[in-house]
Amino acid sequence: MKIIIGCDHRGIELKNQIVNNLKEDGFEVIESSVKNNENDDYPDFAFDVAKKVKDGNLGILICGNGIGISIAANKVKGIRCARVVDVDDVFKAKTHNGANIIAFGTNNTIENAMEMVNLFIATKFPTEERHLKRIEKIIKYENGEYNEL
């Protein structure tokens, strides 16, 4: 499993700390190929990371508050990105919703961010039928196959 990570200009410091911690823990980390600058735009990082999250890889996105970047990431087919603020959000996003990317804001300490990241990586995807059924509806809708509204 690879961890794909990206951030806009506001999240560089936090992202760098996360990357260092993950590499120290032996994870393969791929940073967004979009270059940061003071005028960068969060959608570019969201799209770049989201396109690389496949085949069991996971993504982490950081922007000012995590909302905009998660909205942008969810425009990429196959992505279920959750904006998270605590470990409860992370656990439910992964086990209930099958999130393959988490997004959060720069207001997190490195300790809080790593607690969320580590839980995200360690938590299994959904196995309960009720959650799998709901995720399947989302996938079908995304593919234009679900129309039971």
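How many bridges pair β1 and strand β3 in the parallel sense? To find out, select residues 58-63, which form β3, together with β1: the two strands are joined in the parallel sense over five bridges. Keep in mind along the way that this is a predicted model.

**Stop 1: strand β1**

Now select residues 2-7 alone, the stretch that makes up β1. Five of these six residues are buried, so the strand is largely enclosed by the rest of the structure. Next, add residues 28-31, which are strand β2. This strand also pairs with β1 in the parallel sense, here over four bridges.

For a closer look, pick Ile3. Turn towards β2, and its bridge partner there is Val29. Turn towards β3, and Ile3 has Leu58 as its bridge partner.

**Stop 2: helix α1**

Leave β1 and β2 on display and add residues 12-24, helix α1. What do β1, α1 and β2 make? Together they form a right-handed β-α-β unit.

While helix α1 is in view, show the side chain of Lys15, and in strand β2 that of Glu31. These two form a salt bridge, with their closest N and O atoms 2.6 Å apart. Lys15 belongs to the helix and Glu31 to the strand, so the pair ties together parts that are 16 residues apart in sequence. Is each end buried or partly exposed? Lys15 is buried, at 7% relative accessible area, whereas Glu31 is partly exposed, at 32%.

**Stop 3: the other salt bridges**

The pair you have just seen belongs to a set: the structure holds four salt bridges. A general point fits here: side chains of opposite charge can pair when their charged atoms come close.

Move on to helix α4 by selecting residues 87-95. Inside this helix, show Asp88 and Lys92, which lie four residues apart, about one turn of the helix. Asp88 and Lys92 form a salt bridge, and their closest N and O atoms are 3.3 Å apart. Asp88 is partly exposed, at 39% relative accessibility, and Lys92 is partly exposed as well, at 37%.

For your last selection, choose Glu128 and Arg130. Which distance separates their closest N and O atoms? It is 3.0 Å, in a salt bridge between Glu128 and Arg130. Switch on the surface if you like: Glu128 has a relative accessible area of 43% and is partly exposed, while Arg130, at 42%, is partly exposed too.

Definitions and conventions. Residues are numbered from 1 along each chain as its sequence is written. This is a predicted model: local features need pLDDT of at least 70, side-chain atom pairs count only at pLDDT 80 or more; totals for chains, interfaces and linings use all residues. Side-chain values use heavy atoms; hydrogens and water are left out. Buried means under 20% relative accessible area, exposed over 50%, partly exposed in between (1.4 Å probe, protein chains only). Two strands pair if DSSP finds at least two bridges between them. A crossover is right-handed if, with the strands pointing away from the viewer, the path from the first strand over the helix to the second runs clockwise. A salt bridge is a side-chain nitrogen of Lys or Arg within 4 Å of a carboxyl oxygen of Asp or Glu.
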